[in-house]
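This report walks through the interior and the sheet of one protein model, and it is best read with the structure turned slowly on the screen.

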Amino acid sequence: MIRIGIILGSTRPGRNGEAVAHWVRDIASQRTDAEFELVDLLDYKLPHLDEMLPPSLGQYAQPHTQEWARKIDSFDGFIIVTPEYNHSTSGVLKNAIDFLYAEWNNKAVGFVSYGSLGGARAVEHLRLVAGELQMADVRSQVALSLFNDFENFSEFKPGDFQVEALNTTLDQVLAWSQALAPLRAA
């Protein structure tokens, strides 16, 4: 069975991403074609990148890196829930991604973003990072507007059409995760 990690890419107190990630998980868990697990960066106390060797060598010395690598390696694909901060993604998410290399390779990734413009600029940056990590980023994405999908910019109330966008994104991530399985096995 395909395993998909839903990565919550914010650790900010009062973060909107927690409600978004739980919404993604709740909708995804209704499916029978994959297993889904919420991965909250708050549960992984990753300092600023502190490995001596580049991640591409896969020689992780720090216990926190080894734990993070085991978790990410256990998945076939990902849905990344990202805020948009200053026209990009959160520093904590970028740092968590930068800790690893091979554990991301040949896996599909889809994005659920939120911000004043739906988090679109954060996803643009993450797509570039995904390419460098040999990830297949799917075309569909969910872009949640702080103006339309949140009440008072904090209470998550997504439009009904967002469920369809999420299901399309999930369909694409699962299809690509299955298609990339032979490369991961090699």
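In this predicted model, the largest nonpolar core holds 28 residues, and of these Val81 and Val112 touch the most other members. The elements that each supply at least two residues of this core are set out below.

| Element | Residues |
|---|---|
| Strand 1 | 3-8 |
| Helix 1 | 17-28 |
| Strand 3 | 77-83 |
| Strand 4 | 108-115 |
| Strand 5 | 136-145 |
| Helix 5 | 161-179 |

Helix 1 gives the largest share of this core, namely 6 residues. If we leave aside residues up to four places away in sequence, Val112 touches Val20, Val24, Ile79, Ile80, Val81, Thr82, Val142, Leu144 and Leu166. Another core, of 27 residues, lies apart from the largest one, and its members include Ala69, Ile72, Ala96 and Phe111.

We can now turn to the sheet. It is an open sheet formed by 5 strands in the order 2-1-3-4-5, with parallel pairing. Strand 2, which covers residues 35-40, and strand 5 are the edge strands, since each of them pairs on one side only. From one strand to the next, the twist averages 20 degrees. In general, the strands of a sheet pair through backbone hydrogen bonds, and the pairing may be either parallel or antiparallel.

Strand 4 and strand 5 pair in the parallel sense over 7 bridges, and Val109 stands opposite Asp137 in strand 5. Helix 4, made of residues 120-132, lies across strand 3, strand 4 and strand 5, and this helix runs at about 165 degrees to strand 5.

Definitions and conventions:
Residues numbered from 1 in each chain as written. Predicted model: local features only at pLDDT ≥ 70, side-chain atom pairs only at ≥ 80, totals over all residues. Heavy atoms only, no water. Core = buried A, V, L, I, M, F, W, Y, C linked by side-chain atoms within 4.5 Å. Buried < 20%, exposed > 50% of the residue type's maximum accessible area, 1.4 Å probe, protein only. Helix = DSSP H or I, 4+ residues; strand = E, 2+ residues; numbered from the N terminus. Contact = heavy atoms within 4.5 Å. Pairing = 2+ DSSP bridges. Axes fitted to C-alpha atoms, helices over the stretch in contact; angles between N-to-C directions.
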